[in-house]
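Trainee: Could we go through this model sheet by sheet, and then turn to the ligand?

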Amino acid sequence: VFPPELRFASLKFFYRILQCFSTHCYFDITEIDGVNTNELYNSVQLYLSSHVSVTGTRLSLTRALNSSAFTFGLSNNDTITDTFNGVNVQWEHIVTQRQAQTFSWRPLPDEKRGFTLRIKKNDKTLILNNYLDYIMEKANEIRRKNQDRLLYTNSRGGSLDSRGHPWESVPFKHPSTFDTLAMDPEKKKEIMEDLEDFANGQGFYQKTGRAWKRGYLLYGPPGTGKSSMIAAMANYLGYDIYDLELTEVHNNSELRKLLMKTSSKSIIVIEDIDCSINLTNRNKNKPTSDSRGYYDSGAPEMRGVGGGGGEDGGGNSITLSGLLNFTDGLWSCCGSERIFVFTTNHIEKLDPALLRSGRMDMHIFMNYCSLPSLKILLKNYLGCDESNLDDSVLKELEEVAEAAMMTPADISEVLIKNRRKKEKAVIELLEILKARAQRNQKNDEQVEEEEHEKRALDNDNPKQESEIMNNCKEREEEEEEKIK
Ligand SMILES: Nc1ncnc2c1ncn2[C@@H]1O[C@H](COP(=O)(O)OP(=O)(O)OP(=O)(O)O)[C@@H](O)[C@H]1O
Ligand SMILES: [Mg+2]
């Protein structure tokens with residue numbers, strides 16, 4: 001009986017000789033490379049899991065933390081073949097016992113695991129150049145699909161947890177998708193295409209020298225689906241959400257720290273941006289009210305970002321320029337593939353600096369329920385297609401839908417209440433829509449009447465008005481003389 005060391009050495013020698021004549025070459029991908037975990041090993045394992053689930057006879061099963069799906073893996077010393085661009089390759093999963101540990105900074109697992117890739121020598125360049133990249137990409141995709149999305153919040157303010165993270169996370173399970181979202185189908189399609197282009201646009205952003213990020217401003221009345229849209233975006237792209245509570249952030253440097261701790265493939269959300277940051281305060285120091293003037297007054301701080309700190313003191317001193325740097329400046333591109341979403345009910349209250357073109361790439365108006373949106377809600381809540389509705393009902397809905405100015409939230413309430421009785425739900429909805437449309441019309445008429453009366457009153461007193469104007473002018477002239 002040979003001692004194992006001698007057996008191992010002779011086998012090694014034998015393989016060496018064989019290799020000289022072999023048409024194949026072999027690559028070992030070990031789980032631990034020295035003391036570091038080998039990312040490629042994990043990726044190969046995940047990638048192969050999408051194959052063995054169908055063909056293998058003996059599989060290992062795993063379920064990662066926070067995941068709602070199982071993944072399959074090759075069992076010990078099993079082999080599997082794969083085809084890439086018409087080339088056959090063979091993978092073998094090799095598990096051996098690790099020899100007694102010598103000194104190590106980190107305890108290593110008892111087993112040594114690795115994959116061996118067997119390919120023809122002729123295919124070497126093709127496989128090494130493209131196949132491994134392809135595997136990494138696929139593995140990332142699977143990882144994202146398997147892992148539930150996370151919703152992060154900065155409710156602790158800027159303080160860090162024991163692992164040095166300022167964000168707290170919970171699994172994100174919002175069921176809103178673009179299918180359930182009631183909005184104009186064309187607009188919806190445009191947004192979905194925009195998101196897709198963004199997610200697949202690494203090459204484009206690199207080529208054009210732009211940071212790989214995109215900004216969306218969602219605005220519209222309450223209950224029109226702004227938050228639902230964010231959830232739909234996250235579910236569509238498989239991104240995590242960072243819900244940034246600006247009121248909890250004390251200063252601009254804290255904001256920067258938070259940004260640095262966000263991961264790629266994520267949506268960073270600031271809801272109700274007009275309420276989160278004190279917009280009136282921002283105008284305090286500037287002499288003029290135009291956006292250029294404001295922007296100039298924010299400039300020192302913009303410079304401060306590079307040098308770190310700027311005017312950041314204590315208290316809640318977060319400023320618009322700090323926020324713009326967060327989304328737009330140098331710091332916005334630490335990490336990549338990130339989407340910024342701001343929401344507001346009052347776009348007119350926002351500073352023009354936030355709205356100028358190029359800052360938020362897309363402004364999306366979430367409007368009251370139109371007929372196409374109404375149809376989506378009827379389908380989702382009642383399972384009612386256009387074909388299930390009478391022509392007369394459809395026509396009536398068309399007439400009143402927009403005039404009623406009801407939000408999707410209002411309408412879904414009516415539909416949920418009567419979802420067991422579809423016909424009753426539609427009739428009740430129609431009545432409510434009609435009543436609302438009538439009320440709105442009355443209000444409009446009243447406002448018009450009031451304006452008419454006011455105009456008539458103004459016309460009756462042109463003399464008084466010109467007198468007031470003259471008085472004002474005289475007073476101004478007097479004051480000017482005094483100053484002189
Ligand atoms: N466009 C929509 N499509 C489908 N459901 C919607 C839509 N808008 C609103 N809803 C329903 O109304 C509820 C409230 O909507 P959501 O929170 O998205 O509104 P919002 O625009 O964010 O309101 P707010 O401005 O008050 O934050 C959601 O739970 C959803 O069920
Ligand atoms: Mg909301």
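Mentor: Seven strands form an open sheet with mixed pairing, in the order S10-S9-S12-S13-S14-S11-S15. Strands here are DSSP runs of E with at least two residues, helices are runs of H or I with at least four, and both are numbered from the N terminus. Two strands pair if DSSP finds at least two bridges between them.

Trainee: How should I read the numbering and the values?

Mentor: Residues are numbered from 1 along each chain as its sequence is written, and chains are lettered from A and ligands numbered from 1 in the order in which they are written. This is a predicted model, where local features need pLDDT of at least 70, side-chain atom pairs count only at pLDDT 80 or more, and totals for chains, interfaces and linings use all residues, while side-chain values use heavy atoms and leave out hydrogens and water.

Trainee: Which strands stand at the edges of the seven-strand sheet, each with a single partner strand?

Mentor: An edge strand has one side without a neighbour in the sheet because it has a single partner strand. The two in that position are strand S10 (168–171) and strand S15 (362–365).

Trainee: How many bridges join S11 to S15?

Mentor: Strand S11 (residues 213–219) and S15 run parallel. Leucine 218 stands opposite isoleucine 364 in S15. The bridges joining S11 to S15 number four.

Trainee: What is the order of the four-strand sheet?

Mentor: This second sheet is open, with antiparallel pairing. Strand S1 (24–30) and S6 are its edges, each with a single partner strand, so one side of each is left without a neighbour in the sheet. The order is S1-S8-S7-S6.

Trainee: In S8, what is the bridge partner of isoleucine 29?

Mentor: S1 and S8 run antiparallel and are joined by seven bridges. Histidine 24 stands opposite lysine 120 in S8. For isoleucine 29, the partner in S8 is phenylalanine 115.

Trainee: And in S8, what is the bridge partner of tryptophan 91?

Mentor: S7 pairs with strand S8 (residues 111–120) in the antiparallel sense over eight bridges. Glutamine 97 stands opposite glutamate 111 in S8. The partner of tryptophan 91 is leucine 117.

Trainee: Which residue takes a positive phi in the hairpin of S6 and S7?

Mentor: Strand S6 (residues 79–84) and strand S7 (residues 87–97) pair in the antiparallel sense over six bridges. Phenylalanine 84 has valine 87 as its bridge partner in S7. The hairpin has two residues between the strands, and the one with a positive phi, near 50°, is asparagine 85.

Trainee: Where does ligand 1 lie with respect to the domains?

Mentor: The domain bounds come from an automatic or database domain assignment. Both domain 2 (150–365) and domain 3 (371–460) give residues to the shell around ligand 1, so the ligand lies between domain 2 and domain 3.

Trainee: What is the distance from an oxygen atom of ligand 1 to an N or O atom in the side chain of serine 228?

Mentor: A polar contact is a pair of N or O atoms within 3.5 Å. A nitrogen atom of the ligand is 2.7 Å from a polar backbone atom of alanine 182, and a polar side-chain atom of asparagine 345 lies 2.9 Å from a ligand oxygen. For serine 228, the distance is 2.6 Å.

Trainee: Which elements give two or more residues to the shell around ligand 1?

Mentor: They are helix H6 (226–237), helix H13 (371–382) and helix H15 (408–417).

Conventions. Polar contact = N/O pair within 3.5 Å; in protein donor to acceptor, adjacent residues only side chain to side chain.
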